[in-house]
Amino acid sequence: MQPITDGEFARFQRFIFDAAGITLSGSKQALVSGRLGKRLAHHQLESFGEYFQYIASGGHPDEVQMAVDLLTTNETYFFRETKHFDFLREQALAARARSQPFRVWSAASSSGEEAYSIAMVLADCIETTPWEVLGTDISTKVLEQGARALYTMERARHMPADYLRRYCRKGTGDYAGWLLVERELREHVRFAQVKLNLPLPEIGRFDIVFLRNVMIYFNEETKRSVVARVSATLKPGGWFFVGHSETLTGLTDALEQVAPSIYRKPA
Ligand SMILES: C[S@@+](CC[C@H](N)C(=O)[O-])C[C@H]1O[C@@H](n2cnc3c(N)ncnc32)[C@H](O)[C@@H]1O
């Protein structure tokens with residue numbers, strides 16, 4: 001296999017920008033080569049240029065999705081950035097007696113740990129109010145993992161022990177070291193492919209949106225359009241969470257900041 005050239009890398013930068021709105025800086029050449037190299041080997045292709053032709057030909061949509069899956073970074077775990085879950089708990093407690101469904105969107109859910117962490121808090125706090133969680137991502141590979149709901153115990157290091165006991169089944173035998181999210185909880189969580197860089201499908205309105213650790217991959221213009229689309233799905237008075245290293249400063253006038261990574265749509 002020939003090493004990736006600057007021209008070939010530039011074509012993949014364009015490809016992932018067009019497909020996902022992701023901006024890959026010039027320093028990511030080794031990442032592209034490392035992640036896509038196995039696909040060249042699989043198809044017995046000699047160069048990244050040939051692989052680019054293969055996916056750009058229009059005849060192999062599954063391979064296009066596979067390239068998107070490989071070029072996205074999906075790191076996540078249960079109860080990542082716990083402060084948001086404390087805040088979620090307060091909102092869920094406040095909503096527990098109302099009649100209208102409480103809806104939360106995990107807008108770049110990766111393999112589902114964020115969506116199930118939200119679901120555990122809602123199951124714990126909300127009594128009679130109906131509730132649901134939508135987990136979406138551009139990568140179909142991680143969405144399949146979310147629907148399977150099977151994780152290594154290592155991912156649950158930050159999960160409260162009580163939640164692990166109440167909402168997960170610990171594996172034994174061949175499944176030792178794994179956990180399966182309980183069916184009752186899974187029934188409140190749905191996964192679907194949503195590309196944040198494109199107009200959104202009809203997904204309804206939400207009380208809370210988690211848009212965490214995905215804007216770091218977008219340029220300013222893409223961030224602005226993604227935030228406009230996502231914030232439009234919030235109910236008046238709804239909450240919008242971003243990752244602790246992210247900010248909405250300069251990106252939107254539609255939301256008010258209430259804490260460093262927590263915003264609210266005026267009621
Ligand atoms: C680092 S993970 C963040 C997961 C989770 N929100 C968290 O904070 O732990 C970023 C996710 O964003 C997804 N992503 C990247 N671009 C996207 C796009 N345009 N539309 C939807 N999801 C996207 C990736 O596939 C990846 O799973």
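**Exercise 1. Cys-168**

Decide whether Cys-168 is buried or exposed in this predicted model.

*Solution.* Step 1: take the relative accessible area of Cys-168, which is 5%. Step 2: recall the cut-off, since buried means under 20%. Step 3: conclude that Cys-168 is buried.

**Exercise 2. The cysteines and disulfides**

Work out why Cys-125 forms no bond with the closest cysteine sulfur.

*Solution.* Step 1: start with the bond itself. A disulfide is a covalent bond between the sulfur atoms of two cysteines. Step 2: find the closest cysteine sulfur to that of Cys-125. It belongs to Cys-168 and is 16 Å away. Step 3: compare with the cut-off, which asks for sulfur atoms within 2.5 Å. The sulfur atoms are too far apart, so no bond forms. Step 4: check from the other side. Cys-168 is in no disulfide either, with the sulfur of Cys-125 as its nearest. Step 5: check the whole structure. The search finds zero disulfides.

Now add the burial of Cys-125. Its relative accessibility is 2%, so Cys-125 counts as buried.

**Exercise 3. The ligand and its surroundings**

Describe where the ligand sits and which residues its nitrogen atoms meet.

*Solution.* Step 1: locate the ligand. The space it takes is the largest pocket. Step 2: list the shell. There are 23 residues around the ligand, and among those that come nearest are Ala-20, Arg-80 and Asp-137. Step 3: sort the shell by type. It holds nine nonpolar, eight polar and six charged residues. Step 4: look at polar contacts. A polar backbone atom of Leu-196 is 2.9 Å from a ligand nitrogen. For a backbone N or O atom of Arg-212, the distance to a ligand nitrogen is 2.9 Å. Asn-197 uses a polar side-chain atom, 3.1 Å from a nitrogen of the ligand. Step 5: judge the cover. On its own the ligand has 610 Å² of accessible area, and the protein covers 99% of this.

Technical notes: Residues are numbered from 1 along each chain as its sequence is written. This is a predicted model: local features need pLDDT of at least 70, side-chain atom pairs count only at pLDDT 80 or more; totals for chains, interfaces and linings use all residues. Side-chain values use heavy atoms; hydrogens and water are left out. A residue is near a molecule or strand if one of its heavy atoms lies within 4 Å of it. A polar contact is a pair of N or O atoms within 3.5 Å; within protein, one must be able to donate a hydrogen and the other to accept it, and residues adjacent in sequence count only if both atoms are side-chain atoms. Accessible areas come from the Shrake-Rupley method with a 1.4 Å probe; for residues, only the protein chains shown count as cover. On a 1 Å grid over the protein atoms alone, a cavity is a set of points where a 1.4 Å probe fits but cannot get out, and a pocket is an open set with protein on both sides within 12 Å along at least five of seven lines; lining residues have an atom within 4 Å of a point. A molecule sits in a cavity or pocket if more than half of its atoms lie within 2 Å of its grid points. Ala, Val, Leu, Ile, Met, Phe, Trp, Tyr, Cys and Pro count as nonpolar, Asp, Glu, Lys and Arg as charged, and the others, Gly among them, as polar. Buried means under 20% relative accessible area, exposed over 50%, partly exposed in between (1.4 Å probe, protein chains only).
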